[in-house]
Amino acid sequence: MSKLFSDKTKQVFLGPLSKNNPIAVQVLGICSALAVTAKLEPAIVMGLSVTIILGFSNVIISLLRNTIPNRIRIIVQLVVVAALVTVVSEVLKAFAYDVSVQLSVYIGLIITNCILMGRLEAFAMGNRPWESFVDGIGNGLGYAWILVVTAFFRELLGAGSLFGVKIIPQSFYDAGYVNNGLMVMPPMALIIVAVIIWVHRSINKELQEK
Amino acid sequence: MENVFSILVKSIFVDNMIFAFFLGMCSYLAVSKNVKTSMGLGLAVTFVLAVTLPINYLLENYVLKEGALAWLSPEMASLDLSYLSFILFIAVIAAITQLVEMVVEKVSPSLYASLGIFLPLIAVNCAIMGGSLFMQQRQFVNIGEATGYAVGSGIGFWLAIVGLAAIREKMAYSDVFPALRGLGITFITVALMAMAFMSFSGLKI
């Protein structure tokens, strides 16, 4: 058990949360990050789905890594991911139908989410199953926290609520406060992610581009 | 025919793949550093979309949808295979990209030289898969409409990527905050472009 969380594994897990974040630094998986963040609840469901799929597809590819012929590896990876996404999508339809309707095509689009292909290519193809699993979960959570932060601001400022519950008191509205309708529009997701990147790079100066 | 045209125009401007749905963002941000390569990627995406979407439309309507297999035998009319759609769609896309790559390499080496590196990337471009999934949702009445949608979405992506590349080429000379340089300012640029495209949203054709 002492080997289970060696220093290297810890690094693999913590790296994607900040210094090597999939969205802010590796620029992977932007599409879904922007599209599902108008409300907090679908953002959390999306973050968890991606984390689970990433963890398990990393393990499966890592187990298969020595038997996959190099030329067709992309197709093999896609099929593994597509099978896992199908399972998650059916589970969501059965137990959380409302959220799965809100997420619409974006659950299916996890298949082509660049984070998955990126991690499978860069990590799972060359590492053992346990480390790959930790890498998958770490990157999934790194992706999820950006989604949650973005969705938090968009729902709070755009609809005045969190998880669909009104947060801004009625007295504010009576005094003339108005929800910012632009926040729920697609472009503001880009601006909020840009601000997150800005803050992130101001803290971690070594990530700044020349 | 009019309907096909309105779907085409709508998918270029109103339901733009990039600005309305953020599909294909990864390659959009990664490859838009100069106009020439982004032209290549835009062309490749349009082409692959226009080929794969009608194929997936046929698959959806004659194999996957509930009752779609009725042409085979009456007993199969009750089958609903739509849970297989993710795997089949992505398999079609991956196979077609591979095929297109081989054909282009054989027929036109010069086109291959300019497109070649992007073709494998396209298999995992969300815009292609997204096109197929939206097609599944929107229930087009015939294959012409599906093709119009595919070509329109492709052109929309093309327009968006060439526009961004042109802006980024100019922006290389401007003095941006160090922390926003590169990725951050690109995001804000895309957001401003998306806001401009929002003005098309009331368009009625």
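Which residues is Ile155(B) in contact with, leaving aside its neighbours within four places in sequence? They are Ile12(B) and Thr46(B). This is a predicted model. Chain B has nine helices and zero strands. Buried residues account for 52% of its 205 residues.

**Chain B overall**

- Along the sequence, the pattern of chain B reads α-α-α-α-α-α-α-α-α.
- Its C-alpha trace spans about 70 × 45 × 35 Å along the principal axes.
- Among contacts in chain B with a separation of 6 or more, 76% join residues 24 or more positions apart.
- The accessible surface of chain B is about 9,300 Å². Carbon and sulfur atoms hold 69% of that surface.
- Chain B carries 10 positive and 11 negative side chains. The centres of these two sets lie 14 Å apart.

**The nonpolar core and Phe187(B)**

- The largest nonpolar core has 112 residues.
- Residues with the most contacts inside this core include Leu34(A) and Met46(A) from chain A, and Phe19(B), Leu23(B), Met25(B), Tyr28(B) and Phe187(B) from chain B.
- Beyond its neighbours within four places in sequence, Phe187(B) is in contact with Ile30(A), Leu34(A), Leu190(A), Val193(A), Ala194(A) and Ile197(A). In chain B, Leu29(B) is on the same contact list.

**Helix H9 and Thr186(B)**

- Helix H9 of chain B covers residues 183-198. Its 16 residues should span 22 Å at 1.5 Å a residue, and its end C-alpha atoms are 23 Å apart, so the two values agree.
- Buried residues of H9(B) include Leu183(B), Gly184(B), Ile185(B), Thr186(B) and Phe187(B). Further along, Val190(B), Met193(B) and Phe197(B) are also among them.
- Thr186(B) is found in H9 of chain B. Thr186(B) counts as buried because its relative accessible area is 2%, against a cut-off of under 20%.
- Apart from neighbours within four places in sequence, Thr186(B) is in contact with Leu29(B), Leu164(B) and Arg168(B).

**Helices H3 and H4**

- Helix H4 of chain B covers residues 85-107. Its 23 residues should span 33 Å at 1.5 Å a residue, and its end C-alpha atoms are 32 Å apart, so the two values agree.
- Buried residues of H4(B) include Phe86(B), Phe89(B), Val92(B), Ile93(B) and Thr97(B). Glu101(B) is also one of the buried residues of H4(B).
- Asn56(B) is found in helix H3 of chain B, residues 35-64. Asn56(B) is buried, with a relative accessible area of 0%.
- Not counting residues up to four places away in sequence, Asn56(B) touches Phe89(B), Val92(B) and Ile93(B). Asn56(B) also touches Ser132(B) and Met135(B).

**Ile122(B) and Ile155(B)**

- Ile122(B) is found in helix H6 of chain B, residues 118-122. Ile122(B) is buried, at 1% relative accessible area.
- Not counting residues up to four places away in sequence, Ile122(B) touches Leu41(B), Ala44(B), Val45(B), Val48(B), Thr97(B) and Ile128(B).
- Ile122(B) and Ser27(B) are 95 residues apart in sequence. Their C-alpha atoms are 8.4 Å apart in space.
- Ile155(B) has its place in helix H8 of chain B, residues 143-171.
- Ile155(B) counts as partly exposed because its relative accessibility is 29%, between the 20% and 50% cut-offs.
- Ile155(B) and Ala127(B) are 28 residues apart along the chain. Their C-alpha atoms are separated by 12 Å.

Conventions: Residues are numbered from 1 along each chain as its sequence is written. Chains are lettered from A and ligands numbered from 1 in the order in which they are written. This is a predicted model: local features need pLDDT of at least 70, side-chain atom pairs count only at pLDDT 80 or more; totals for chains, interfaces and linings use all residues. Side-chain values use heavy atoms; hydrogens and water are left out. Helices (H or I, at least four residues) and strands (E, at least two) are DSSP runs, numbered from the N terminus. The expected span of a helix is 1.5 Å times one less than its number of residues. Buried means under 20% relative accessible area, exposed over 50%, partly exposed in between (1.4 Å probe, protein chains only). Contact means heavy atoms within 4.5 Å. Accessible areas come from the Shrake-Rupley method with a 1.4 Å probe; for residues, only the protein chains shown count as cover. Lys and Arg count as positive and Asp and Glu as negative; His and the chain ends are not counted. The place of a charge is taken as NZ of Lys, CZ of Arg, CG of Asp or CD of Glu. A nonpolar core is a set of buried Ala, Val, Leu, Ile, Met, Phe, Trp, Tyr and Cys residues joined through side-chain atoms within 4.5 Å.
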